[in-house]
2 protein chains.
Amino acid sequence: MAFRDRIAACHTWRPEDYRPFLLAGDARPLGWINRTFASRLNDFPDVFEVTDQAVTLPARYGDFDSRSAALQKVLQNLHLAGEIPKWRGEDYGISRRWGTAPLFRMERGAVPLFGVLAFGVHVNGFVRSPKGLKLWVGKRAKNKSVAPGKLDHLVAGGQPYGLGLMENGIKEAGEEAGVPPDLAATARPVGAIRYICARPEGLRNDVAFCFDLELPADFEPEPDGEEVESFTLWPVAEVLDRIRATDDFKFNVALVNLHFALRHGLLTPDAEPEYQAIVEGFSISGV
Amino acid sequence: MAFRDRIAACHTWRPEDYRPFLLAGDARPLGWINRTFASRLNDFPDVFEVTDQAVTLPARYGDFDSRSAALQKVLQNLHLAGEIPKWRGEDYGISRRWGTAPLFRMERGAVPLFGVLAFGVHVNGFVRSPKGLKLWVGKRAKNKSVAPGKLDHLVAGGQPYGLGLMENGIKEAGEEAGVPPDLAATARPVGAIRYICARPEGLRNDVAFCFDLELPADFEPEPDGEEVESFTLWPVAEVLDRIRATDDFKFNVALVNLHFALRHGLLTPDAEPEYQAIVEGFSISGV
């Protein structure tokens, strides 16, 4: 087993298995839809133009509100038919790139079916100790729809429409790990990773924003008992050993933890032959 | 002007302007050679098979020593003809990826002509101050062959064959900036960036390994007066302003400084609309 296996597991997108999802008049793919779901969208000719080449939202849906409303109508229909694996009752803002205005909003549970860009907040809670850095490792509840029972960060969450990233991180830190807002607000943004990954829930086309939260030695996170089963403090070397040898960490959490290890000099290019492969694994092209 | 301009300036490779440089029997391009230089290599049919599709080193050069010797003979010939822009008298080890054994060694001045992978060490010297982080900024001598007069890190250097990265960084830190070896040895590896860039010297196909070196407030680097004209301590915000507004920083130094700013939370995704573009600029595909 190698770090490379964990990286490859986050980059499993094969473009030939998908059709681009387009806004009329713009050739740049906004998302990627698999054949089965494209055929199903063919049942909604008022909203989608489905061909063998692409799925297109017509020009008459020309602004945020009309696009959002048209999509919502279809998605609720599919939801009632039991065809959205997990309805969240929470919207994501959908754009081509972070920092540009969302083109529409969309129920979170449908986002991987359209393979549109999604943003997430990943907060690594770490503690300095005389023996080096330690990471708080969460264990996801066994009944989670995504990656049940897998190992996780202190805090992570998808980015809902209308919240700031830090705002979302602080909210999730309180809900999932009992981190007081003042402490959570000291989290520092430290970069992002990018992957497109075919998963049971659909195509994850994600920017994962990474944050470091330094915690006092006497702080203990509190699992909420629903999303998170437990938290344990691990030496980073043990985290890395587990990532190299198993897929116990959630697929994207393994990548974000490698990002943490590199930034803190816990893997070094002189000693780690996979260093370049790891770096390239933080972006889409590298693999 | 935008950070995006600096990023685009590091990703100017257009594959259609180059032919792959191959080892016989392996279809994976090892480098990229432009038309003019490919035609010139046609003058050495003992060593290169030149076609419209590729430049290939034949199978009879089957190991490190025979490849290195064959290339050296051609390159010295071109050097004597005045056709290697800057002969360095120093070899790089050439491989497909960091962490794999070099396939041959090659005079540094010829590396961009073959567009093969090169490694570099980029050391940012920084100081913590009550007003935030500051960076030591070097000014390159006006007679440097690459990027004369441009702004630079505390220390940076190409990676010669047979040295470790830290070993090279410590050596360069002493030579270029008068950093004592004990202090230079505290530099911490913090990641790497990747770009393929068409430059006056040829095609730069680089992995730039980034290091952070925290310096005491009373330390002053000493310019060697040959490679480096001067060093000045800048607040990081001023470095970022200068990068956004001008191309005063050397092309790849701008990217490494953006990497520093992101890792230290000096640019934040909530406030910086170019955040994703910057992250994607650290890898080849992103642009």
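By what turn, and with what shift along the axis, can chain A be laid on chain B? In this predicted model, the turn is 180 degrees and the shift is 0.0 Å. The resulting RMSD is 0.0 Å. That is the relation of a two-fold axis. Within chain A, the C-alpha nearest this axis belongs to Ser285(A) and lies 2.5 Å from it. The same surface serves both copies. Of the contact residues of chain A, 100% recur in chain B.

Strand 7 of chain A was examined next. This strand spans residues 117–129 and is mostly covered. Of its 13 residues, 11 are buried. Strand 7 of chain A pairs with strand 12 of chain A, residues 202–214, through 10 bridges. These two strands run parallel. Within strand 12 of chain A, Leu213(A) is the residue that stands opposite Gly125(A).

Strand 7 of chain A also pairs with strand 10 of chain A, residues 155–158. Four bridges join them, and the two run antiparallel. Here Val121(A) stands opposite Gly157(A) of strand 10 of chain A. A further four bridges link strand 7 of chain A to strand 8 of chain A, residues 132–140. This pairing is antiparallel. Ser129(A) has Gly132(A), in strand 8 of chain A, as its bridge partner. Two residues lie between strand 7 and strand 8 of chain A, and the two strands form a hairpin.

Val127(A) gives a residue-level view of this region. Val127(A) is placed in strand 7 of chain A. Its relative accessibility is 5%, so Val127(A) counts as buried; the cut-off for buried is under 20%. Leaving aside neighbours within four places in sequence, Val127(A) is in contact with Gly132(A), Leu133(A), Lys134(A) and Trp136(A). Val127(A) is likewise in contact with Leu215(A), Pro216(A), Ala217(A) and Leu233(A). Ala185(A) is 58 residues from Val127(A) in sequence. In space, the C-alpha atoms of Val127(A) and Ala185(A) are 16 Å apart.

Another sheet in chain A is built from four strands. It is an open sheet with the order 2-1-4-3, and its pairing is mixed. The edge strands are strand 2 (31–34) and strand 3 (49–50) of chain A. Each of these pairs on one side only. Strand 1 of chain A, residues 18–23, is joined to strand 4 of chain A, residues 55–57, by three bridges. Strand 1 and strand 4 of chain A run parallel. Leu22(A) stands opposite Thr56(A), which lies in strand 4 of chain A.

Helix packing was examined in chain B. Two packed helices are described by the angle between their axes and the distance between the axes. Helix 7 of chain B (residues 236–245) packs with helix 8 of chain B (residues 251–263) at an angle of about 140 degrees. Their axes are 11 Å apart. Helix 7 and helix 8 of chain B are therefore oblique to each other; only angles over 145 degrees count as roughly antiparallel. The crossing of helix 7 and helix 8 of chain B is left-handed. From helix 7 of chain B, the residues that meet helix 8 of chain B are Val236(B), Val239(B), Leu240(B) and Ile243(B). Helix 8 of chain B contributes Ala254(B), Asn257(B), Leu258(B), Phe260(B) and Ala261(B) to this meeting.

Terms used
Residues are numbered from 1 along each chain as its sequence is written. Chains are lettered from A and ligands numbered from 1 in the order in which they are written. This is a predicted model: local features need pLDDT of at least 70, side-chain atom pairs count only at pLDDT 80 or more; totals for chains, interfaces and linings use all residues. Side-chain values use heavy atoms; hydrogens and water are left out. Copies are superposed by least squares on the C-alpha atoms of residues with pLDDT of at least 70 in both. Contact means heavy atoms within 4.5 Å. Buried means under 20% relative accessible area, exposed over 50%, partly exposed in between (1.4 Å probe, protein chains only). Two strands pair if DSSP finds at least two bridges between them. Axes are lines fitted to C-alpha atoms, for helices over the stretch in contact, and angles run from 0 to 180 degrees between N-to-C directions. Angles under 35 degrees count as roughly parallel, over 145 as roughly antiparallel, 65 to 115 as roughly perpendicular and the rest as oblique. A crossing is left-handed if the near helix is turned anticlockwise from the far one by less than a right angle, and right-handed if clockwise.
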